[in-house]
Amino acid sequence: MRIRLVPATLAFGFVTALVLAAGSVFSAQAGDSKFQAILAWGTDDTKPPEGKESKPLDPEIRKQLKSLKWKNYFEVRRVDFVVPPGAMKKTNMSDKCEIEVKDLGSPNIEVALFGKGKEVTRVKRVPLPKGEIFVPYGNAPNETAWLVILRRIE
Amino acid sequence: MDYEAQLKLQAYLDGELPEKEAQEVANWLARDQEAAGLLTELRQTHKALGGFEEGIRLPESREFFWSKLEREIERLEPAAPRRTAPVRLLAQLRRLLVPMAGLALLVIAGLMVFPAGQSPEPMEATFADSGGMIHRDDMAKATFVSLAYPADDESADDEMGQPD
């Protein structure tokens with residue numbers, strides 16, 4: 001049996017395809033992106049440092065850090081922030097640490113980390129959909145580590 | 001009785017035979033009871049069917065009827081191309097729409113493979129100090145950027161704000 005595609009069917013398919021394509025583009029671009037950055041401390045000790053207010057890291061995030069070598073992680077500070085489409089946002093994580101996030105069109109971002117005002121690293125085209133984490137980290141004294149855990153909330 | 005003889009009887013019954021042949025058949029019927037029986041049977045059948053056949057009588061001769069039909073066909077023929085004109089337009093439109101529909105499907109496929117804004121290009125990192133590297137844990141859905149900051153040989157003060 002020979003199938004005939006009449007022009008009306010083709011036209012309908014073409015228009016539908018364009019609508020779907022346009023819809024997917026606009027839906028992906030619409031709305032601000034909400035992020036959460038967590039400054040954390042990694043250690044093999046079971047307790048956080050004395051005199052410092054910190055709590056164990058969220059178990060869900062902790063699972064995602066399993067490829068790192070430290071046994072325990074403590075949350076020092078948590079910051080939620082919003083980045084409008086195509087914009088850049090710089091957020092203080094501590095007196096000496098800042099993180100800058102630029103929206104490149106969901107889910108891609110550009111991330112820069114600053115220590116004492118100097119750019120430590122800049123990573124372009126980071127795909128960060130919801131559920132993923134992006135973690136710049138470095139060694140700290142006494143076999144410990146500092147981490148900045150960045151994730152998309154919306 | 002052979003087939004030819006049967007046909008001749010039928011023609012005799014229908015009055016289609018020339019006079020001489022009709023006379024011969026009449027003589028044959030007088031001698032042959034089988035032929036006479038068949039003729040009777042044919043005549044009865046003809047009578048039985050006669051009531052159902054309504055002869056179509058043309059108001060004009062057969063030749064005139066067909067020539068009239070032919071003239072009518074010739075008269076209508078020039079109009080035929082006009083009726084196919086929209087079909088040609090649709091065919092041209094189809095030639096345009098087929099590649100466009102294909103292109104639209106490719107765009108959709110591309111958007112599904114590379115969702116809007118997601119560049120297929122890999123991540124690109126720059127580091128202030130040497131020793132930085134990126135590693136990925138797909139199972140954990142995590143990307144790590146290992147930094148040499150603060151360097152191990154630097155004073156162990158509170159470089160990034162971690163507790164001391």
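A:Tyr137 and B:Phe144 are both buried. They are a good place to enter this structure, which is a predicted model.

**An aromatic cluster across two chains**

The structure holds five aromatic pairs over all chains. In one of them, the ring centres of A:Trp70 and A:Tyr137 lie 6.1 Å apart, with the planes at 80°. Planes over 60 degrees apart count as edge-to-face, so this pair is edge-to-face. A:Trp70 sits in the loop between α2 (59-64) and β3 (72-83) of chain A. A:Tyr137 belongs to strand β8 (residues 133-140) of chain A. The pair therefore ties together parts that are 67 residues apart in sequence.

Both residues are buried, the cut-off being under 20% relative accessible area. A:Trp70 has a relative accessible area of 5%. A:Tyr137 comes to 10%.

A:Tyr137 also pairs with B:Phe144, again edge-to-face. Here the distance is 6.3 Å centre to centre, and the angle between the planes is 85°. B:Phe144 lies in strand β3 (residues 142-147) of chain B, while A:Tyr137 lies in β8 of chain A, so this pair joins two chains. A:Trp70, A:Tyr137 and B:Phe144 form one aromatic cluster.

Another ring in chain A has a charge for a partner. The charged end of A:Lys90 sits over the ring of A:Phe114, 3.9 Å from the ring centre.

**The two chains**

The table sets out the make-up of each chain.

| Chain | Helices and strands | Order from the N terminus | Buried residues | Contacts between residues 24 or more positions apart, of those with a separation of 6 or more |
|---|---|---|---|---|
| Chain A | two helices, nine strands | α-β-β-α-β-β-β-β-β-β-β | 46% of 154 residues | 48% |
| Chain B | five helices, three strands | α-α-α-α-α-β-β-β | 19% of 164 residues | 24% |

In chain B, the order puts five helices before three strands. The elements of chain A open with a helix, then two strands, another helix and a run of strands.

**Helix α2 of chain B**

Helix α2 of chain B covers residues 19-31, which makes 13 residues. At 1.5 Å a residue, the helix should span 18 Å. Its end C-alpha atoms are 19 Å apart, which agrees.

Which residues of α2(B) are buried? They are B:Val25, B:Trp28 and B:Leu29. Seen down the helix axis, these buried residues fall within an arc of 100°, so they line one face of α2(B). They pack against α1 (3-14) and α3 (33-50) of chain B. On the other side of α2(B), the exposed residues are B:Glu19, B:Lys20, B:Ala30 and B:Arg31.

**How far to trust the model**

The model scores ipTM 0.80 and pTM 0.55. Chain B has an average pLDDT of 80, and 76% of its residues score at least 70. Among the elements of chain B, β3(B) has the highest mean pLDDT, at 93. This is the strand that holds B:Phe144. Helix α5 (residues 79-113) of chain B has the lowest mean, at 78.

Residues 151-157 of chain B need care. Their pLDDT stays under 50. For this stretch the model has four contacts beyond four places in sequence. Where pLDDT is low, the predicted coordinates should not be read in detail.

Definitions and conventions
Residues are numbered from 1 along each chain as its sequence is written. Chains are lettered from A and ligands numbered from 1 in the order in which they are written. This is a predicted model: local features need pLDDT of at least 70, side-chain atom pairs count only at pLDDT 80 or more; totals for chains, interfaces and linings use all residues. Side-chain values use heavy atoms; hydrogens and water are left out. Helices (H or I, at least four residues) and strands (E, at least two) are DSSP runs, numbered from the N terminus. The expected span of a helix is 1.5 Å times one less than its number of residues. Buried means under 20% relative accessible area, exposed over 50%, partly exposed in between (1.4 Å probe, protein chains only). The arc is that of the directions from the helix axis to the C-beta atoms. Contact means heavy atoms within 4.5 Å. Rings of Phe, Tyr and Trp (its six-membered ring) pair if their centres lie within 6.5 Å; planes under 30 degrees apart count as stacked, over 60 as edge-to-face and the rest as tilted. A charge sits over a ring if NZ of Lys or CZ of Arg is within 6 Å of the ring centre and within 35 degrees of the ring normal. pLDDT is the predictor's confidence in each residue, from 0 to 100.
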